[in-house]
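Student: I am new to this structure and would like to learn how its labels are justified. Could you take me through the reasoning?
Tutor: Gladly; have a look at it, then ask away.

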Amino acid sequence: MAYVLTGIQNTGNPHIGNILGALWPAIQRSHDQKHTHFLCIADLHTLTAHKHTITNQQHTRAIVAACLALGLSQEKIILYRQSAIPAVCELAWYLSCFTPWPMMKNAHAFKEKSKHPSDINIGLLIYPILMAADILLYNIDQVIVGIDQQQHIEIARDLIGKINRHYQTDFTLPNPMFQQNTTIRGTDGKKMSKSYQNTIDIFADEKILYQQIMSMMTDSKPLAAPKDDTQCPIFALYQLLASEDEVHTLRKQYRQGNYGYGQAKKALYMCIITRFAVARERFKKYQKNPESIDACLENGAKKAQAIAETHIQKLREKIIGT
Ligand code: ADP
Ligand code: TRP
């Protein structure tokens with residue numbers, strides 16, 4: 001039996017990149033009863049950049065509502081808030097004592113974020129250590145993530161390997177599982193991220209969703225010109241959501257010309273509205289019932305706590321000797 005983990009920060013409402021890159025594959029894979037599946041809302045990671053308590057809590061609830069709306073079953077996935085299991089901080093400390101500091105300073109995500117120096121805090125620097133602790137605390141085998149997280153998984157493997165060698169333990173070296181081999185681009189053409197205000201939020205009101213899609217950046221080819229489907233972010237997203245026949249039709253329209261990006265955006269909008277119609281309705285219902293969301297998180301925390309406890313005890317014994 002394998003232990004499978006997915007994580008998402010509560011930095012905003014989940015967008016189509018999070019959903020296709022991590023949440024949807026995690027929910028799909030959870031139907032595999034042979035494995036134990038975890039979904040962690042990484043609210044301690046979020047604190048590195050977002051410090052408004054009420055907003056963070058609202059975003060946590062929005063993520064849970066989205067997961068439930070997309071069909072997550074509490075019987076099949078342990079859905080929990082990272083902060084509900086404080087042993088993760090203890091473990092992050094142990095791991096930090098095994099981390100050479102240049103490894104953190106040179107991590108891509110840190111380098112990228114420290115280019116915009118509004119708040120470069122130590123939490124941001126040691127972010128990958130906390131993520132490694134998320135993984136080790138549940139002795140995870142497989143981590144479902146978007147490709148942007150590859151380096152974080154490598155760091156986790158490295159640190160867990162160091163613990164194993166030093167204390168002669170046999171904790172698992174986690175493997176990443178990437179659903180998409182590309183990162184989904186946001187409306188501005190960069191990586192779609194809750195932190196960049198470039199998202200497509202499939203649970204937003206129709207008008208907002210429409211505006212988000214209409215704001216997607218494209219090249220400036222005139223209407224009559226044939227378009228390159230292989231380079232177009234609208235097409236890339238459509239391809240992930242529509243049926244084979246629909247994709248085939250859109251490709252033909254792109255290549256023959258006299259088909260504008262505005263039309264392609266409308267096709268993408270209709271595709272999202274249709275494909276997620278049921279989920280969008282369910283999302284609204286969950287949003288109106290925060291008690292059910294909090295109960296779901298409590299239920300998950302109890303299960304996560306029981307599993308975390310056995311591993312932290314083993315690690316404490318080895319590392320501290322108690
Ligand atoms: P964000 O950058 O939006 O704050 P998170 O850091 O919370 O997203 O990521 C949650 C999960 O979603 C991770 O597994 C991450 O790799 C995946 N993910 C985030 N953005 C994208 C994207 N644009 N394309 C594909 N997967 C993504
Ligand atoms: N760092 C991940 C991201 O930004 C979120 C995350 C935190 C995570 N802990 C995790 C992902 C554990 C997978 C496993 O996307």
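Student: Why is Cys271 too far from the closest cysteine sulfur for a bond?
Tutor: Keep in mind that this is a predicted model. A disulfide needs two cysteine sulfur atoms within 2.5 Å. The sulfur of Cys271 has its closest cysteine sulfur in Cys232, 14 Å away, so that is too far for a bond.

Student: What about Cys296, and which cysteine sulfur is nearest to it?
Tutor: That would be the sulfur of Cys67, at 8.5 Å, and Cys296 is in no disulfide. With the cut-off at 2.5 Å, the count for the model comes to zero disulfides.

Student: Are Cys271 and Cys296 buried or exposed, and how do you know?
Tutor: A residue is called buried when its relative accessible area is under 20%. Cys271 has 11% relative accessibility, so it counts as buried. Cys296 has 2%, and therefore it counts as buried too.

Student: Why is Gln168 called buried or exposed?
Tutor: Here the cut-off to use is over 50% for exposed. Gln168 has a relative accessible area of 67%, so it is exposed. You will find Gln168 in the loop between α9 (150-167) and β5 (175-178).

Student: What is notable about the phi of Gln168?
Tutor: The phi of Gln168 is positive, about 50°, although the residue is not a glycine. Asn139 also has a positive phi, near 50°, and is a residue other than glycine. Asn139 sits in the loop between α8 and β4.

Student: Let's turn to the ligands. Which residues are closest to ligand 1?
Tutor: His15, Gly146, Asp148, Ser193 and Lys194 are the closest of the 19 residues that surround ligand 1. By class, this shell has five nonpolar, eleven polar and three charged residues. The helix α1 (16-29) and the strand β1 each supply at least two residues of the shell, and α1 gives the most, with four.

Student: What makes the pairing of ligand 1 with the side chain of His15 a polar contact?
Tutor: The pair must be N or O atoms within 3.5 Å. An oxygen atom of ligand 1 is 2.7 Å from an N or O atom in the His15 side chain, so the pair qualifies under that cut-off. For Asn18, the distance from a side-chain N or O atom to an oxygen atom of ligand 1 is 3.1 Å, and for Lys191 it is 2.9 Å. The protein covers 96% of the 540 Å² of accessible area that ligand 1 has on its own.

Student: How do you know that ligand 2 has polar contacts, and what are the distances for Gln9, Tyr127 and Gln149?
Tutor: Use the 3.5 Å cut-off again. A side-chain N or O atom of Gln9 is 3.2 Å from an oxygen atom of ligand 2. A nitrogen atom of ligand 2 lies 2.8 Å from a polar side-chain atom of Tyr127, and a nitrogen atom of ligand 2 is 3.0 Å from a side-chain N or O atom of Gln149. Each of these values falls within the limit, so they are polar contacts. Taken alone, ligand 2 exposes 370 Å², and the protein buries 91% of that.

Student: Where does the largest share of the shell around ligand 2 come from?
Tutor: From α8, with three residues. By class, the shell around ligand 2 has six nonpolar, four polar and one charged residues.

Conventions. Residues numbered from 1 in each chain as written. Chains lettered and ligands numbered in written order. Predicted model: local features only at pLDDT ≥ 70, side-chain atom pairs only at ≥ 80, totals over all residues. Heavy atoms only, no water. Polar contact = N/O pair within 3.5 Å; in protein donor to acceptor, adjacent residues only side chain to side chain. Areas by Shrake-Rupley, 256 points an atom, 1.4 Å probe, with all protein chains shown as cover. Nonpolar A, V, L, I, M, F, W, Y, C, P; charged D, E, K, R; others polar. Buried < 20%, exposed > 50% of the residue type's maximum accessible area, 1.4 Å probe, protein only. Near = heavy atom within 4 Å.
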